[in-house]
Amino acid sequence: MRWVSYRSADGSTRCGVVRDDKIHALGTDLLELLCADGGLASAAAREPTEIVELATAHLLAPLPAPPAVRNFAAFERHISNAGKAAVGDGTVSPAWYEAPRFFFSNPAAIKGPHDEIPIAPGVKLWDYEVEVAAVIAEDCSNLDAAMAEQHIAGYLVYCDWSARDISASEMGFVYGPSKSKDASTSLGPFLVTTDELETHRSGRGYSLRMDGYVNGEHYGGGRWDEIHWSFGDLLAHASSGTTLRAGDILASGPVGTGCIQELAGRRPYLAPGDTVRIEVQELGAISARITGPGPS
């Protein structure tokens with residue numbers, strides 16, 4: 001199933017399952033369905049409250065207000081490339097292989113798949129990231145990595161808009177990224193349930209392309225099955241000693257060459273008027289126009 005959230009004609013936020021390019025809508029939001037008995041599978045069998053053409057719907061992020069957002073760095077090639085671009089050395093620290101690493105991102109900064117993205121105030125080096133994210137199906141704790149993916153409701157395209165000039169100073173400090181990742185995170189367009197992807201399973205992920213484009217030019221990307229830490233690993237680590245909530249989002253971090261930072265000056269950073277497309281095969285694409293900074 002492919003689920004979306006959208007703004008209805010009456011101004012309310014609704015969600016629905018997509019069938020034959022039409023949204024079969026329910027008079028609620030996606031987080032409420034995840035938390036309800038039976039989850040998405042049960043909700044999909046209900047009679048729709050309205051049917052809307054997908055092509056003309058005002059799509060929102062599938063989860064406009066997730067309870068929590070964790071962003072990992074699960075692709076080894078990204079870590080190596082970023083190190084090479086920053087200091088000329090692509091050696092990955094042994095500490096990176098000890099456990100998945102993540103930071104908490106800002107649930108209040110969620111944007112829809114076609115929303116304009118303003119450059120954060122004072123930022124000169126504005127970047128995108130080609131990521132995929134899992135949405136948690138139900139509250140869960142202390143998961144085993146081998147079974148943890150059973151707690152994933154589905155996946156979506158994720159773009160972590162990043163201020164590289166700010167992160168250059170933040171990443172040298174013990175707390176890691178904060179304001180450099182605080183302004184905008186794009187999600188969508190679909191929440192695709194796990195059964196839709198099963199035929200593509202490969203290695204620790206899926207045999208699916210992940211790519212980034214700026215003004216129609218392919219900047220870089222790779223494949224989901226390059227991932228070093230599986231989503232089972234990510235869920236197990238994140239749930240250890242705590243509770244993941246239904247609707248929580250866990251993102252992979254960028255695939256190799258899935259951001260401008262990795263390209264070591266071969267491409268310019270983003271500027272107002274640029275259009276960015278972040279595409280994950282079978283999950284759809286985020287398409288965003290970059291604008292000047294809003295009020296500081």
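This report describes selected features of a predicted model, moving from a sheet and its hairpin to a helix, a pocket, a loop and the cysteines.

**The open sheet and its hairpin**

Five strands form an open sheet, and their order is β9-β23-β22-β18-β19. The pairing within this sheet is mixed. In general, strands of a sheet pair through backbone hydrogen bonds, either parallel or antiparallel. The edge strands are β9 (117–118) and β19, each of which pairs on one side only.

At the β19 edge, strand β18 (residues 209–214) and strand β19 (residues 217–223) pair in the antiparallel sense, over six bridges. Two of the residue pairings can be named. Met 210 has Gly 222 in β19 as its bridge partner, and Val 214 is bridged to Glu 217 of β19.

The hairpin of β18 and β19 has two residues between the strands. Asn 215 lies in the loop between β18 and β19, and its phi is near 50°, a positive value in a residue other than glycine. Most residues other than glycine have a negative phi, and most peptide bonds are trans. Asn 215 has a relative accessible area of 46% and is therefore classed as partly exposed.

**A cis peptide bond**

A further backbone feature is found in strand β15 (residues 185–193), which contains Pro 189. The peptide bond from Gly 188 to Pro 189 is cis, with omega near 0°.

**Helix α3**

Helix α3 covers residues 76–87 and has 12 residues. At 1.5 Å a residue, this helix should span 16 Å; its end C-alpha atoms lie 17 Å apart, so the two values agree. The buried residues of α3 are His 78, Ser 80, Asn 81, Ala 82 and Gly 83. After α3 comes Gly 88, which has a positive phi near 80°.

**The largest pocket**

The largest pocket has a volume of about 940 Å³. Its lining consists of 34 residues, and those nearest its centre are His 78, Ile 79, Ala 82, Met 171 and Gln 261. Elements that give two or more residues to this lining are β6 (69–72), α3, β7 (102–104) and α4 (164–170). The largest share comes from α3, which provides seven residues.

**The loop between β21 and β22**

Thr 257 is found in the loop between β21 (249–251) and β22 (275–280). Leu 263 is found in this loop between β21 and β22, and Ala 264 is also placed between β21 and β22. For Ala 264, phi is near 50°, a positive value in a residue other than glycine.

Thr 257 has a relative accessibility of 17%, and because buried means under 20%, Thr 257 counts as buried. Leaving aside neighbours within four places in sequence, Thr 257 is in contact with Arg 77, Asn 81, Tyr 219, Gly 220, Gly 221, Glu 262 and Leu 263. Among these partners, Asn 81 is one of the buried residues of α3.

Leu 263 is buried, with a relative accessible area of 4%. With neighbours within four places in sequence again left aside, Leu 263 is in contact with Tyr 219 and Thr 257. Tyr 219 is also listed among the contacts of Thr 257. Leu 263 and Ala 82 are 181 residues apart in sequence, but their C-alpha atoms are 8.3 Å apart in space. Ala 82 is itself one of the residues nearest the centre of the largest pocket.

**The cysteines**

The structure holds zero disulfides. A disulfide requires cysteine sulfur atoms within 2.5 Å. The sulfur of Cys 140 is 12 Å from the closest cysteine sulfur, in Cys 35, and is therefore too far away for a bond. Cys 259 is likewise in no disulfide, as the nearest cysteine sulfur, that of Cys 159, is 10.0 Å away.

Both Cys 140 and Cys 259 count as buried. The table gives relative accessibility for these cysteines and for other residues described above.

| Residue | Relative accessibility | Class |
|---|---|---|
| Cys 259 | 0% | buried |
| Leu 263 | 4% | buried |
| Cys 140 | 5% | buried |
| Thr 257 | 17% | buried |
| Asn 215 | 46% | partly exposed |

Note on methods: Residues numbered from 1 in each chain as written. Predicted model: local features only at pLDDT ≥ 70, side-chain atom pairs only at ≥ 80, totals over all residues. Heavy atoms only, no water. Pairing = 2+ DSSP bridges. Helix = DSSP H or I, 4+ residues; strand = E, 2+ residues; numbered from the N terminus. Buried < 20%, exposed > 50% of the residue type's maximum accessible area, 1.4 Å probe, protein only. Contact = heavy atoms within 4.5 Å. Expected span 1.5 Å × (residues − 1). 1 Å grid on protein atoms, 1.4 Å probe; cavity = no way out; pocket = protein on both sides within 12 Å on 5 of 7 lines; lining within 4 Å. Points joined across faces, edges and corners; volume = space filled by probe spheres on them.
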